[in-house]
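User: Could you take a close look at one part of this model for me? I'd like to hear how the copies relate, and then a walk along one helix.

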Protein chains: 2
Amino acid sequence: MDDSDFEHLLRGADLRVTRPRLAVLRSLRRHPHADTGSVLAAVRVEEPAVSHQAVYDVLGALTDAGLVRRIQPAGSVARYELRVGDNHHHVVCRSCGTVADVDCAVGVRPCLDASETHGFVVDEAEVTYWGTCPACSTARTTASSN
Amino acid sequence: MDDSDFEHLLRGADLRVTRPRLAVLRSLRRHPHADTGSVLAAVRVEEPAVSHQAVYDVLGALTDAGLVRRIQPAGSVARYELRVGDNHHHVVCRSCGTVADVDCAVGVRPCLDASETHGFVVDEAEVTYWGTCPACSTARTTASSN
DNA sequence: CGGAATACTTGACTCGTTCAAGAAAAGAGG
DNA sequence: CCTCTTTTCTTGAACGAGTCAAGTATTCCG
């Protein structure tokens, strides 16, 4: 994924190619699962004049176009990632909020066939694994052994 | 689940039995998946003097004690339900936000065994099904056929 | 019934996100 | 290359769920 790929991605989605948009995409390539604030900070390293509203707009437009995916684990602000279309899932650390990708355990569309959905037409099954990340596990063990 | 059950539940969790707490529990019995605002409104029907902060505190205490479960689908405010400990899941309507319960499709702990969790110690797998509820499906079909 | 601990009220405040209006830039067509 | 229309960005204010803090009231143990 280099800049010309990003450009094609944008044009393919009928979106204009702008410096803020390229900067947001580059930032997400470097920092998957970044929240809006982090994206804004990263963007401003290369494009200091970009407004926070522009980042919200860009992330919204990219999400609507399907170029990025928005996730929002309970208790967290919105986070974004470039990896789309492969129905992967996420592990979230209860302690520090860190997010990591998890591939599908059961198959291509795990758990998508719910037993009884009360007449809902289901189009996506999102799995969130909750637990403790390696760093927080270590910290906790170390602390309790003192 | 009557009031004396609620009372035993609270005492069993080392929580004092108070009018606001009973009112919150009754409200959740009547309206599963209610958000804080709805709970507050329902509580005030019977207990007009209860503050919004009290409802936040009560819901927090009940959640910490494991008496209620907090869910928060992306884009929604926090919602609460009395049904705990059975690892059931939820369908959420993309259009109106309505939530319904879904029992486990695969077994008791579906998808809990993620293939590769990057060293995370996973203790829960939360599944959120996204789709369209019956009411919104009907509305959409009707509108487009005009 | 009295006293310590817990729970609630009040009111201010934070922060992620959205709204609105006008200025700037992209890119199609000439 | 230039102009015009549309989209995108800037600026600045506002919203709302949730939290913080200090003081008052309630629960319930002994």
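Analyst:
**Two copies, then one helix**

Lay chain B on chain A and you get an RMSD of 0.1 Å, using a turn of 180 degrees and a shift of 0.1 Å along the axis (superposed by least squares on the C-alpha atoms of residues with pLDDT of at least 70 in both). That is how a two-fold axis relates copies. In chain B, B:Val127 has the C-alpha nearest the axis, 2.2 Å from it. Both copies use the same surface: 100% of chain B's contact residues recur in chain A (contact: C-beta atoms, placed from the backbone, within 7 Å).

A word on the ground rules: this is a predicted model, where local features need pLDDT of at least 70, side-chain atom pairs count only at pLDDT 80 or more, and totals for chains, interfaces and linings use all residues. Residues are numbered from 1 along each chain as its sequence is written, while chains are lettered from A and ligands numbered from 1 in the order in which they are written.

Now for helix α4 of chain B, residues 52–65 (helices are DSSP runs of H or I, at least four residues, numbered from the N terminus). Its 14 residues reach 20 Å from first C-alpha to last, close to the 20 Å expected (1.5 Å times one less than the number of residues). Its buried residues are B:Val55, B:Val58, B:Leu59 and B:Leu62 (buried: 20 or more other C-beta atoms within 10 Å of its own; exposed: 12 or fewer; C-beta atoms placed from the backbone). They sit on the same side of α4(B) because they cover an arc of only 95 degrees around the axis (taken from the directions from the helix axis to the C-beta atoms). Covering them are, among others, α2, α3 and β3 of chain B (strands being DSSP runs of E, at least two residues). The face turned away from that buried side carries exposed B:Gln53 and B:Asp64. After the helix comes B:Gly66, with a positive phi near 80 degrees.

Notes
Contact = placed C-beta atoms within 7 Å.
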